Amino acid sequence: MKKLLITGGAGFIGSHVVRLFVTKYPDYQIFNLDKLTYAGNLENLRDIENQPNYTFVKGDIVDASFIDALFAEHQFDGVIHLAAESHVDRSISEPMAFVMTNVVGTCNLLNAAKNTWKASGYEGKRFYHVSTDEVYGELHNPEDFFTETTPYDPRSPYSASKASSDHFVRAYGNTYKLPVVITNCSNNYGPNHFPEKLLPLMIHNILNNKPLPVYGKGENVRDWLFVVDHARAIDTVFHNGVLGETYNIGGFNEWKNIDIVMLVCKTMDSKLGRPEGTSEQLITYVTDRAGHDLRYAIDATKIMNELGWKPSLQFEEGLEKTVDWFLNNQEWLDNVTSGNYQKYYDSMYTNR
Ligand code: NAD
Ligand code: TYD
């Protein structure tokens, strides 16, 4: 039996990873460690929470003594580390939260794994760090893509904190021979996506007849991957990735923000039975994000060729599934947009 620690499992991507591992590997004991920040939501895991191979642990990765004690108690064989502060706009207004969780929290996990595994031996152990393509900076030439050898050039406090954590993971691999592997993925979308991020925010605002804030001219480009395909890639790399290696994950699916917002509007109009063009009227161009990266685009050739992973869904199908999920789970959406989050949302919005 393997004991596996997944951090950040109550969040957007983590919840899909936890569900996949709990259902696919009944012989693994899965521990989901999550602080339940505004982005963590146990509703995301209701369907699997009573599975015998699943345990939820509430805790903060910034708390080193708690993390050390957790490792000492459970002697995990593997870690899949997703817990993070993940929103670029928040990193601009509250950068220190990103330094604490993304950098210090990651180092606490690395130390605990190193100290625990030094005693028991590294054989069969694996520390998997989940990262982002944003560490590579921004692209200008339409023919360029981020590869695993693209130099790091983080440009927001979020991407700087993730780049820093990636460097620490590699440094522990090099210095202490900790068995590490890293993936850098493009923008995800899908069920459970928190509505501060572009696609769920647009869906939420269309449902509530609110303006759709498009930053700048809407010309920035992102490369979108269905979240379940990211979870499948994490499964592939966790089991078959070569230790010490980095794999980029992406869907070869670039969209200008304004084009993807228009597509969401069209899909929502059709699903809601409204005349085409209704939701588009809500589009509002607002002040650009400070330091807004122009374009991200991943070259995912390495993971495809070496590990045989590829996205399972065409984008239009994934978007339709996503919109359907949000329409069928409006209570989830209402719950996460009420209370404290709503206050945050309102202040962000009026500042734009
Ligand atoms: P999210 O914000 O939805 O979830 C983050 C989770 O981490 C939440 O459940 C939160 O409660 C938990 N958490 C935050 N601080 C914590 C702490 N100090 N201790 C314990 N738990 C804590 O994020 P996400 O979008 O699911 O991203 C997950 C990971 O994937 C992150 O590391 C992110 O950098 C990376 N990533 C995200 C994307 C994307 O498009 N969302 C793309 C590539 C990589
Ligand atoms: P986001 O979902 O925050 O992801 P990231 O910044 O990590 O790529 O934003 C995706 C793109 O959409 C990004 O270029 C910023 C833009 N954006 C808007 O135009 N309006 C919004 O309200 C949000 C949240 C994002």
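**Two ligand shells and one helix**

In this model, which is predicted, helix α6 (198-207) and strand β8 (212-215) each supply at least two residues of the shell around ligand 2. The largest share of that shell comes from β8, which gives three residues. The shell around ligand 2 can also be described by class, and it then holds seven nonpolar, five polar and six charged residues.

Which residues come nearest to ligand 2? Of the 18 residues around this ligand, they are E134, P213, R222, R289 and H292. Two of these residues can be followed down to single atoms, since an oxygen atom of ligand 2 is 2.7 Å from an N or O atom in the side chain of R222, and an oxygen atom of ligand 2 is likewise 2.7 Å from an N or O atom in the side chain of H292. N257 also takes part, with a polar side-chain atom that lies 2.9 Å from an oxygen atom of the ligand. On its own, ligand 2 has 510 Å² of accessible area, and the protein covers 97% of it.

Ligand 1 can be read in the same order, beginning with the elements around it. Helix α1 (12-24), strand β5 (126-132), helix α5 (157-175) and strand β7 (187-189) each supply at least two residues of its shell, and β5 gives the most, with three residues. By class, the shell around ligand 1 has 12 nonpolar, 12 polar and four charged residues.

Of the 28 residues around ligand 1, those that come nearest are I13, D34, S86, Y158 and K162. I13 meets the ligand through its backbone, where a polar atom is 2.8 Å from an oxygen atom of ligand 1. Y158 uses its side chain, in which an N or O atom is 2.7 Å from an oxygen atom of the ligand, and a polar side-chain atom of K162 lies 2.6 Å from an oxygen atom of ligand 1. The protein covers 97% of the 830 Å² of accessible area that ligand 1 has on its own.

Finally, consider helix α7, which runs over residues 227-240. Its 14 residues, at 1.5 Å a residue, should span 20 Å, and this agrees with the model because the end C-alpha atoms of the helix are 20 Å apart. Why can α7 be called largely enclosed by the rest of the structure? The reason is that 10 of its 14 residues are buried, where buried means under 20% relative accessible area. Among these buried residues are V227, D229, H230 and A231, and further along the helix I234, V237 and F238.

Notes
Residues numbered from 1 in each chain as written. Chains lettered and ligands numbered in written order. Predicted model: local features only at pLDDT ≥ 70, side-chain atom pairs only at ≥ 80, totals over all residues. Heavy atoms only, no water. Helix = DSSP H or I, 4+ residues; strand = E, 2+ residues; numbered from the N terminus. Expected span 1.5 Å × (residues − 1). Buried < 20%, exposed > 50% of the residue type's maximum accessible area, 1.4 Å probe, protein only. Near = heavy atom within 4 Å. Polar contact = N/O pair within 3.5 Å; in protein donor to acceptor, adjacent residues only side chain to side chain. Areas by Shrake-Rupley, 256 points an atom, 1.4 Å probe, with all protein chains shown as cover. Nonpolar A, V, L, I, M, F, W, Y, C, P; charged D, E, K, R; others polar.
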